[in-house]
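Open the structure in your viewer and keep the selection tool handy. We will go stop by stop, and each stop tells you what to pick and what you will find.

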Amino acid sequence: MMLRGLRILLGTQRSHIAVNLTAQKSTLAQVENGAVSSSVIEKLVEICGSKDVSTSTPVREQHGRDESYHHCEPPDVVVFPTSTEKVSQVARLCYDHQIPIIPFGSGTGMEGGVTASKGGVCVDVTKMDQIEAVNAEDFDCTVQSGVTRVGLNNSLRDTGLWFPVDPGADCTLCGMCATGASGTNAVRYGTMRENVMNLEVVLSDGRIIETAGKGTRTKKSSAGYNLTNLFVGSEGTLGIITKATLKLYGQPESILSAICHFPDVQSAVDTVVQTLQCGIPMARIELLCEKMMDAFNKYSNYDYKVTPSLFLEFHGAENHVDDQGKIVAELCEANGGTQFNWAKDMDERNKLWKARHMCFYAATSLRPGARWLATDVCVPISRLPEIVVETKKDIDNSSILGPIVGHVGDGNFHTVLVVMPDSPEEIAEASALHDRMAERAMKLGGTCTGEHGVGLGKRHHLVTQFGQGGMDVMMQLKQTLDPKNIMNPGKVLFTD
Amino acid sequence: MSMRVLVGVKRVIDYAVKVRVKPDKMGVVTDGVKHSMNPFDEIAVEEAIRLKEKKIVKEVVAVSCGPTQSQETIRTALAMGCDRGIHVEITGKEYENLQPFHVSKILAKIAKEEDVDMVILGKQAIDGDNNQTGQMTAAVLDWPQATFASEVKKNNGDLTVTREVDGGLETINVKLPAVITTDLRLNEPRYATLPNIMKAKKKPIAKKTVADYDVDISPRQEVLSVEDPPVREAGSKIIGNTV
C-alpha cells in the first residue's frame, strides 16, 4: 500500500516527507541539477540567436514561477525559439546532454507546472505567435504555441466565430492544451479535451509529430491511437506542443446573464442540479459562496448580496434565451433564491464576467501578501451538493480562509485556500484540507483535478485516484516517450 | 425622432500585427498582412447601432474610401447592424496619398447628399494617427463637433456629449446636425454573429468614385522616407557613487 506524503516548501529548502513508491521510479534516469554548461549555452545561441537566449536572473526568475503558491525555482537558461524547427533542435541538444526542458507559455498555471526544480532549459514559446489558418466554413483554426485565447478571439471577431474555452487568464492556447484546461463555458462548449483536433508536438529527442495525422482537421476520426488526447493534459512531461488545431463555434446570437442569491450553498447547488436535469442548455453556471461574494464586491466595486450566489448565462436565439431565463428564475425561486438580477447589456455582462474571472485575486486580496492554494475537485453533478456542503463545513472549522467559487454546471468547484507562502503551518493545514477534499471527491466517483492539472501539488492524489495499474501505465508511457526523463521532470508523476 | 447617421469605417492593418517597413523605405508592408476595421471605427459603428436600437436613429449608413477590399470592412459594419453601405473606390497611388483633408471633403459631400443628422467617426485611424478627419469634416460642413466622445446622450433635439480631454472629462451640449468622433471608452463593440454576417451579404453597398462627389484628391504631401524607430539600447547600472 502506498503512503502518500505531503510536500512542504520552506523558502528555498525542500523537505520531502517519505513517500514509499513502487520500483518504477528508480528505472527513470536521475536528472542532475545545474547541468547546463557554457558550451551548451553557446549551442543554444547558435540555434536560437543571441537575442533569444537569456541567462539573466530576472528573466530566469520570471520563468520559474506561475500563479500558484509554489516557490520560484528558476531554470538555468531561457530560450525563445521562433519556429518548431528551432524547438526541435533545442530538444535534441537537451536530449543529448540530458538537460531538463520546461515549456513555458504565459506563466499563468495553477499548479507549479513551470517550476524548474532540476534547473535546465526553459523553452518560452511566446515568440511563435502566428495564427496560421482560420477555416471559417469548417469551424476550425490552427495556431502556434504563443497565441493566447484572447488574442485568437480578437482576431476572429470579424468571422462570427470564437473559441469558447475560457480559463480566467489570457493564457496560451497550447498551454491550455498541455493542462487540459477548461473554463466557465465548459458546461455548454466543453473543455480542451473535446476541442483539440490536432497537435504538433516536439518529442524529447527532437522528433516532430502531428497527433491526429499530417494536416488532419476533421470533426471526427478513428485513425490510430488517440495521441491528441494523450498529449492534452500531459503538462509538458511527454512533449512540447508547438501548434494546435482547435474547434471554433459561432458567436451566440443573444446572450443573457443573471445573478441569483440563495440562503445557503445547499439550495444554490440543488438549483444547479435541477436546472441541468431540465435539459436547459446553460452556457455558464457559477457558484460563489458568501465569502467569495464579499471578496468579489470589495475587489470589483460591486454591491451584491453577500450570500451564496449563482452567476448564470444563457446563449442562443433571443426568444429562446428569454424563455430559458424564465424557467431558471422559477427554479431559483422554488429553492429560496431571491433578487434575480438580469444583465443583457454587453458592457454590464463583460464587467460581471471579468470580475468573476478575478475571483482568485479577489480572495487573496482579503489578506494582503497571501497566495492561493487552489483546489479543483470535480464530481458527478448529483454528488455536488453533498461535497460542497461537507467541504465548506471542513473549511469553516479550520483556521484557513477558503472562499468557494466553481463551475458547478460541470460538478467542478474551487476552494481558494488563502495562505501566507512563508507559513509552513498554514500551508500544511491547507494541504490537509485539500487532501480530505480530494479523498471525499474520489470516494464519490470524482477526480482530484477538473482543469488545473496535477503539476507539483497533486501528484500524491493522482496515485490514489488511479491506483497501481493506472499509475504503472502512465509511468510506462513516460518511460517510452521520455526515456531520459528530461521533459519537465517532477511534474504529474513522481519522476524527480 | 428618426434620424439618419453616417459612420466612417476605414480598413487598416490589424492592430495585433507587427508592422514592418518595406525594403524601399517608402512605406510599410501591406501585402498578405491581416487587415481589419479601425478599432475606433468599430466603436463608432457600435454607437450608431445602439442609437438605432434605442429608436433615436432610423437608418445607419457605413462609408469607406479605399480599394476593393474596403468592401469587406463595410460588410463587417453591415454585419454589426448598419443598414447599407457606400464604397468610394480609390486605389493605388491615389489611395497611398489620400489624407484626412481629402476624406473630410468626400464625407461632407456624402453627408449632404444622404441628408444625415449625425456623422460618427473614429477619433483617429491606427495607421495614420492623424486625428483630423472628424474635425475637418465638421469644418467643411460648418457643423458643430464633439470629439473624443466617451458618452453620448440625447437631450431633446440636441446631444449631450462627455469628452475625454487632457484635464479629465468635459461635458458639452451639441446642436444637431453634428460630427462626433469616438474615444476608447465610449462602448465595447459587439461581435458579428454568423446569421448577421449572412444577412449582411444581402444588404446593398453603393459603388461610387471620387468623381461622383467632385472632390480633388491630388496629393498635398510627398512621403520622403519611412523608417523603424531607433533600436532601444540597454540601460546601464550606476553603483554606489561611481558616475
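How many of the seven residues of strand β15 (residues 282-288) of chain A are buried? Select that strand to find out: seven of the seven are buried, so β15 of chain A is largely enclosed by the rest of the structure. Do bear in mind as you look around that this is a predicted model.

**Neighbours of β15 in chain A**

Keep β15(A) on screen and add strand β16 (residues 309-316) of chain A. Six bridges join the two strands, which run antiparallel. For a landmark in this pairing, show I285(A) and L312(A): L312(A), in β16(A), stands opposite I285(A).

Now add strand β19 (residues 404-407) of chain A. β15(A) and β19(A) also run antiparallel, joined by two bridges. Label L288(A), and then its bridge partner in β19(A), which is V405(A).

**Stepping back to the whole of chain A**

Zoom out until chain A fills the window. Chain A has 16 helices and 20 strands. Its radius of gyration is 22 Å, close to the 23 Å that the globule rule gives for 496 residues, so chain A is as compact as a globular protein of that length. Along the principal axes, the C-alpha atoms of chain A fill a box of roughly 70 × 55 × 40 Å.

If you colour by burial, buried residues make up 58% of the 496 residues in chain A. Turn on the surface as well: chain A exposes about 19100 Å², with carbon and sulfur atoms supplying 51% of it. Among the contacts in chain A with a separation of 6 or more, 72% come from residues 24 or more positions apart.

Next, colour by confidence. The mean pLDDT of chain A is 90, and 93% of its residues reach 70 or more. Then select residues 1-33 of chain A, where pLDDT stays under 50. For this stretch the model has 64 contacts beyond four places in sequence.

**Over to chain B: helix α4**

Select helix α4 (residues 100-113) of chain B. This helix has 14 residues and reaches 20 Å from its first C-alpha to its last, close to the 20 Å expected at 1.5 Å a residue. Show side chains and look for its buried residues, including P100(B), H102(B), V103(B), I106(B), L107(B) and I110(B).

What covers the buried residues of α4(B)? The cover includes strands β1 (3-8), β4 (57-66), β5 (84-89) and β6 (118-122), along with helices α5 (133-141) and α7 (210-213), of chain B. Just after α4(B), click on D115(B), which takes a positive phi of about 55°.

**A178 in chain B**

From L107(B), move on to A178(B): their C-alpha atoms are separated by 13 Å, and the two are 71 residues apart along the chain. A178(B) lies in strand β10 (residues 178-182) of chain B. Is A178(B) buried or exposed? A178(B) is buried, with a relative accessible area of 0%. Leaving aside neighbours within four places in sequence, show what A178(B) is in contact with: D117(B), M118(B), V119(B), W143(B) and P144(B).

**Last stop: helix α2**

Finish with helix α2 (residues 70-80) of chain B. Nine of its 11 residues are buried, so α2(B) is largely enclosed by the rest of the structure. Among the buried ones to label are Q71(B), I74(B), L78(B) and M80(B). Just after α2(B), G81(B) takes a positive phi of about 135°.

Conventions. Residues are numbered from 1 along each chain as its sequence is written. Chains are lettered from A and ligands numbered from 1 in the order in which they are written. This is a predicted model: local features need pLDDT of at least 70, side-chain atom pairs count only at pLDDT 80 or more; totals for chains, interfaces and linings use all residues. Side-chain values use heavy atoms; hydrogens and water are left out. Buried means under 20% relative accessible area, exposed over 50%, partly exposed in between (1.4 Å probe, protein chains only). Helices (H or I, at least four residues) and strands (E, at least two) are DSSP runs, numbered from the N terminus. Two strands pair if DSSP finds at least two bridges between them. pLDDT is the predictor's confidence in each residue, from 0 to 100. Contact means heavy atoms within 4.5 Å. The radius of gyration is taken over C-alpha atoms; the globule rule is 2.2 Å times the number of residues to the power 0.38. Accessible areas come from the Shrake-Rupley method with a 1.4 Å probe; for residues, only the protein chains shown count as cover. The expected span of a helix is 1.5 Å times one less than its number of residues.
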